[in-house]
Amino acid sequence: MNYTELIVFIAYFVFMVGIGVFFFLRSKGGGEKDYFLGGRQMGAWVSALSAGASDMSAWVLMGLPASIYAAGMGQTWIAIGLGIGYAASWIFEAPRLRRFSIAANDSITIPQYLTNRFLSKSKALQILCAAIFLVAYTIYAASSIKACGTLFNTVMNIDANVAMYIAAAIIILYTFLGGFSAVCWTDFFQGLLMLGALLIAPIFALGLVSSGSGAGAVALPDGYFNFWTSWQDVLSGLGWGLGYFGMPHIIIRFMSLKSEKELKKSSVIGISWTTIILVMSVLAGVVGRMFLGEIADSSTVFITMTRKIFPALISGLLLSAILSAAMSTADSQLLASASAFANDVYKPVLRKKASNKEMFWAGRLIVVVIAIVAVLIAANPNSGTIMALVENAWGVFGAAFGPVILLSLFWKRFTFSGAVAGIAVGALVDILWLAFLSGTGLYEIIPGFFAGLIVSIVVSLLSPAPSKDVEDLFDRASKPEA
């Protein structure tokens with residue numbers, strides 16, 4: 001065990017918990033909007049890096065480099081699809097979603113927004129959304145917790161399951177205490193650390209390869225640099241970008257910004273950060289292959305490369321970026337699940353007269369429950385790789401919510417019935433494709449997304465047109481802020 005690296009990790013954990021405690025003490029007496037949405041007072045830098053860090057979980061430091069390392073440059077289409085989708089979500093979706101969520105009775109969750117957007121009193125959509133949230137976020141959080149276990153097992157030789165429990169406990173603690181503000185500020189620092197690690201490690205490794213160090217003389221597999229592997233790889237990679245339009249823990253950052261002026265600034269920061277992260281993640285996989293040659297576990301390429309290059313103090317700091325990536329996504333997912341349960345199921349369905357304090361505790365309880373189930377999934381040796389877990393959850397969210405969110409922002413004729421049908425069919429087609437047609441090689445988000453889109457449109461056209469009040473809400477929210 002390297003005690004210097006261990007000390008760095010412990011210091012990092014203490015810093016994260018300290019942020020949670022700070023916002024817990026600061027927000028005494030705050031309302032539900034403060035806990036679940038930061039009071040819509042997030043600035044450009046915090047929102048941009050928080051959105052990016054909550055998106056780029058441990059897969060960007062372990063899963064994607066591992067795919068590039070093992071399978072070659074054909075996997076780069078995932079990064080290209082994500083880059084295009086992320087930029088499009090900030091440019092086209094973010095401004096309207098912020099305005100529409102305010103116009104729709106100041107909604108603070110995605111299910112609440114979709115219900116209020118149609119001025120509906122039905123709770124069907126909120127319950128459906130919350131159910132998908134709970135299932136998909138548990139799987140997504142499992143990937144982040146599994147990454148923490150792999151990191152500690154590789155670096156410290158600590159039992160992976162024990163490491164998962166420790167990481168989950170830390171994430172629960174600061175999310176439980178500080179809510180959305182704590183999550184965003186921890187994500188902000190974690191985003192900076194991720195950026196630094198991905199800029200430093202691959203560049204240093206490339207310099208060593210150029211000077212003749214490492215395993216640079218080892219021949220790479222035939223076709224390693226071939227981008228055009230198959231139409232399925234290209235289309236599936238680009239399809240990852242569709243997920244951004246319906247990823248609740250990312251797009252809720254759009255709703256939290258305090259003004260459209262801040263949003264424009266935030267979009268530039270966020271798109272730039274994500275582009276750099278994706279490019280350097282791909283480079284880490286390629287350079288890792290050239291620098292290390294063959295290694296037993298491709299998911300540890302970034303870890304192994306960093307530890308071979310840098311002394312313990314520096315490697316401990318850089319490897320904390322993996323903790324950052326894992327924790328910054330898991331905390332956002334836990335909070336999104338908690339807010340959906342408290343605001344969309346607990347109060348409107350189970351306890352209509354519940355006080356704000358009772359709602360907070362119901363949400364916090366869900367944080368604990370989901371984290372425990374996620375640990376159990378991650379600890380199961382048959383749960384799949386980090387990248388596979390992310391891929392499954394990403395597909396469900398993108399297919400279920402992406403088409404519906406976009407139509408709610410850009411189509412005046414869209415109806416509540418169309419939204420319910422689109423979410424249900426998108427999620428169902430995604431899951432069925434994964435279960436029975438994954439052998440086609442096509443990522444399930446693509447058929448799921450377009451099935452949800454088509455059904456949303458058809459059902460809306462067959463439904464009675466929206467009321468004048470709903471159309472007036474659409475018209476008001478469509479106008480940019482002065």
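Helices here are DSSP runs of H or I with at least four residues, numbered from the N terminus. The exercises below concern a predicted model.

**Exercise 1. State the secondary structure content of the protein chain and how much of the chain is buried.**

Step 1. Counting the elements gives 18 helices and zero strands.

Step 2. The chain has 482 residues, and 61% of them count as buried.

Step 3. The accessible surface comes to about 17,800 Å², with carbon and sulfur atoms supplying 68% of it.

Step 4. For contacts between residues at least 6 apart in sequence, 86% join residues at least 24 apart.

**Exercise 2. Explain why Glu262 and Lys265 are separated by about one helical turn, and describe their pairing.**

Step 1. Place both residues: Glu262 and Lys265 belong to helix α11, which spans residues 260-292.

Step 2. An α-helix has 3.6 residues a turn, so residues three or four places apart point the same way.

Step 3. Glu262 and Lys265 are three residues apart, which means a separation of about one turn.

Step 4. Check the distance. The cut-off for a salt bridge is a side-chain nitrogen within 4 Å of a carboxyl oxygen. For Glu262 and Lys265 the closest N and O atoms are 3.6 Å apart, and the pair forms a salt bridge.

Step 5. Compare the surroundings. Glu262 is buried at 14% relative accessibility, whereas Lys265 is partly exposed at 41%.

**Exercise 3. Carry out the analysis for Asp472 and Lys468.**

Step 1. Helix α18 (residues 468-478) holds both residues, four apart, or about one turn of the helix.

Step 2. The N to O distance between the two side chains is 3.0 Å, and they meet in a salt bridge.

Step 3. Asp472 has a relative accessibility of 25% and counts as partly exposed. Lys468 has a relative accessible area of 59% and is exposed.

**Exercise 4. Among the six salt bridges found in the whole structure, examine the one between Arg307 and Glu5.**

Step 1. The closest N and O atoms of Arg307 and Glu5 lie 3.0 Å apart.

Step 2. Arg307 sits in helix α12 (residues 301-309) and Glu5 in helix α1 (residues 3-26), so this salt bridge ties together parts 302 residues apart in sequence.

Step 3. Glu5 is buried, with a relative accessible area of 2%. Arg307 is partly exposed, at 31% relative accessibility.

**Exercise 5. Decide whether helix α4 is largely enclosed or not, and identify what its buried residues pack against.**

Step 1. Apply the cut-off: a residue is buried under 20% relative accessible area.

Step 2. In α4, the residues that are buried are Gly63, Leu64, Pro65, Ala66, Ser67, Ile68 and Tyr69.

Step 3. Helix α4 covers residues 63-71, and seven of its nine residues are buried, so the rest of the structure largely encloses this helix.

Step 4. The packing partners of the buried residues are α5 (76-103), α11, α12 and α15 (386-410).

Step 5. Look just past the helix: Gly72 follows α4 and takes a positive phi of about 95°.

**Exercise 6. Describe the nonpolar surface patch that includes Phe204.**

Step 1. The members are Leu199, Ile200, Ile203, Phe204 and Ile276.

Step 2. Together these residues have about 410 Å² of accessible area.

Step 3. Helix α8 (residues 160-210) gives the most to the patch, with four residues.

Step 4. Phe204 is found in α8 and counts as partly exposed, at 46% relative accessibility.

Key
Residues are numbered from 1 along each chain as its sequence is written. This is a predicted model: local features need pLDDT of at least 70, side-chain atom pairs count only at pLDDT 80 or more; totals for chains, interfaces and linings use all residues. Side-chain values use heavy atoms; hydrogens and water are left out. Helices (H or I, at least four residues) and strands (E, at least two) are DSSP runs, numbered from the N terminus. Buried means under 20% relative accessible area, exposed over 50%, partly exposed in between (1.4 Å probe, protein chains only). Patches are made of residues with over 30% relative accessible area and no salt bridge: like charges are joined within 9 Å, nonpolar side chains (Val, Leu, Ile, Met, Phe, Trp, Tyr) within 5 Å. Accessible areas come from the Shrake-Rupley method with a 1.4 Å probe; for residues, only the protein chains shown count as cover. Contact means heavy atoms within 4.5 Å.
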